[in-house]
Amino acid sequence: MTSYPPLWIQKPIESRPDNLLAVDTETFGLATDDEPYLVLAVDNEDNRLHWRFDVDPRRRTIIRNAKYRLHLSDIRRTFAGRTLVFHNALFDIQKLELLDPQMGERIAESHHDTLAMAHLNHSFGSHKLKALAKALCGYPDTDETELKEAVRAARRKAPKDVSLGDAVEQDYWLPHHLGGSELDLKYGIHDVRRTMLLFFTLKDRLEERGLWGKYLDSVAVNRVAHYMRDSGLKLRPRKTKELLEGLDQDCKDLSQDFESFTKQKITSSQGVALALYP
């Protein structure tokens, strides 16, 4: 039997934040209009939450019925006042906007992204959620294999009027729809647990290296990207001219520094250090 680590391997109870919520969406695909059929979350005490929407198997969309309205109201209430944690935040925020167009703007203002944290921690190797959680936290990755096997079996016996995706990953909803399997739920819950565990693991690493401020700057770009996606990029001539003039002056200053550097006679490693860092 696979053993999964607890969320709090090193964090004492008194240091656990009480407003974080790791969130993930399971969707019909990666296209912009592919809706989420399952939203999952885990809070600071490892309480697991999920909202599953009814699916129209012919159109590969969710059904906006009474359950949809009830779930959406509960999601809004659960997310209110929380700082959400994602892995690849822009993807999941866009998917949540398909459920509620107003949700994205609220989330974009205050969230964390473990993908941005992972890139700042190191730039090599895989930055996929499962690979990172296994490498950094020892979190097993066998749940995806189990789900894919179930999806392949479901695709083989699916009625002809069911619209199948081009890839197995696009039909994670199918085993539940055909037979009530909860493997996609199990898979999704593991992903939000991975996300929360990664957040604290990477936060500790970035703080130890003095990079937490840099991370906060980088995740702020998500907010800018979110607004740019909806409103486009506005070019202001005056500010653009000021920016170009500043860059031009920077280039001149660098050119002068380089010319001064090349004229120096350096005969030792100490001389190199003094020349580079006067």
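Helices, which need at least four residues, and strands, which need at least two, are taken here as DSSP runs numbered from the N terminus. On that basis Asp171 falls in the loop between α6 (143-157) and α7 (174-179). The model is a predicted one, and its protein has eleven helices and seven strands. Of the 278 residues in the protein, 42% are buried, and the accessible surface comes to about 16000 Å², with 53% of it belonging to carbon and sulfur atoms. Among contacts between residues at least 6 apart in sequence, 67% join residues at least 24 apart.

**The loop between α6 and α7**

- Asp171 has a relative accessible area of 0% and is therefore buried, the limit being under 20%.
- Beyond its neighbours within four places in sequence, Asp171 is in contact with Arg60, Val151, Arg155, Ser163, Leu164 and Gly165.
- Glu169 also belongs to the loop between α6 and α7, and it is linked with Lys148 of helix α6, 21 residues away in the chain; the link is a salt bridge whose closest N and O atoms are 3.0 Å apart.
- The two partners differ in class, since Glu169 is partly exposed at 39% relative accessibility, whereas Lys148, at 19%, is buried.

**The sheet and its helices**

- Five strands make up an open sheet with mixed pairing, in the order β3-β2-β1-β6-β7, and its edge strands, each paired on one side only, are β3 (48-52) and β7 (111-113).
- Neighbouring strands in this sheet are turned against each other by 25 degrees on average, direction ignored.
- Within the sheet, β1 (residues 20-27) and β6 (residues 83-86) run parallel and are joined by three bridges, and Leu20 stands opposite Thr83 of β6.
- Helix α1 (residues 66-79) lies across β1, β2 (36-43), β3 and β6, and runs at about 150 degrees to β3.
- Helix α2 (residues 89-99) lies across β1, β2, β6 and β7, running at about 75 degrees to β1.
- Eight of the eleven residues of α2 are buried, so this helix is largely enclosed by the rest of the structure; the buried residues include the charged side chains of Asp92, Lys95 and Glu97, alongside Ile93 and Leu96.

**Salt bridges elsewhere**

- A search of the whole structure finds 22 salt bridges.
- Lys67 and Asp54 meet through their side chains in one of them, at 2.8 Å from N to O; because Lys67 lies in helix α1 and Asp54 in the loop between β3 and β4 (55-56), the pair ties together parts that are 13 residues apart in sequence.
- Both of these residues are partly exposed, Lys67 with a relative accessible area of 34% and Asp54 with 26%.
- Lys186 forms a salt bridge with Glu146, with 3.1 Å between the closest N and O atoms; since Lys186 is in helix α8 (residues 183-208) and Glu146 in helix α6, this pair ties together parts that are 40 residues apart in sequence.
- Here too the partners are partly exposed, Lys186 at 35% relative accessibility and Glu146 at 34%.
- Lys130, Asp143, Asp191 and Arg194 are joined into one network by salt bridges that share partners.

**A nonpolar surface patch**

- Leu243, Leu244 and Leu247 form a nonpolar patch on the surface, and together they have about 300 Å² of accessible area.
- Leu247 has its place in helix α10 (residues 237-262) and counts as partly exposed at 43% relative accessibility.

Methods
Residues are numbered from 1 along each chain as its sequence is written. This is a predicted model: local features need pLDDT of at least 70, side-chain atom pairs count only at pLDDT 80 or more; totals for chains, interfaces and linings use all residues. Side-chain values use heavy atoms; hydrogens and water are left out. Patches are made of residues with over 30% relative accessible area and no salt bridge: like charges are joined within 9 Å, nonpolar side chains (Val, Leu, Ile, Met, Phe, Trp, Tyr) within 5 Å. Accessible areas come from the Shrake-Rupley method with a 1.4 Å probe; for residues, only the protein chains shown count as cover. A salt bridge is a side-chain nitrogen of Lys or Arg within 4 Å of a carboxyl oxygen of Asp or Glu. Buried means under 20% relative accessible area, exposed over 50%, partly exposed in between (1.4 Å probe, protein chains only). Two strands pair if DSSP finds at least two bridges between them. Axes are lines fitted to C-alpha atoms, for helices over the stretch in contact, and angles run from 0 to 180 degrees between N-to-C directions. Contact means heavy atoms within 4.5 Å.
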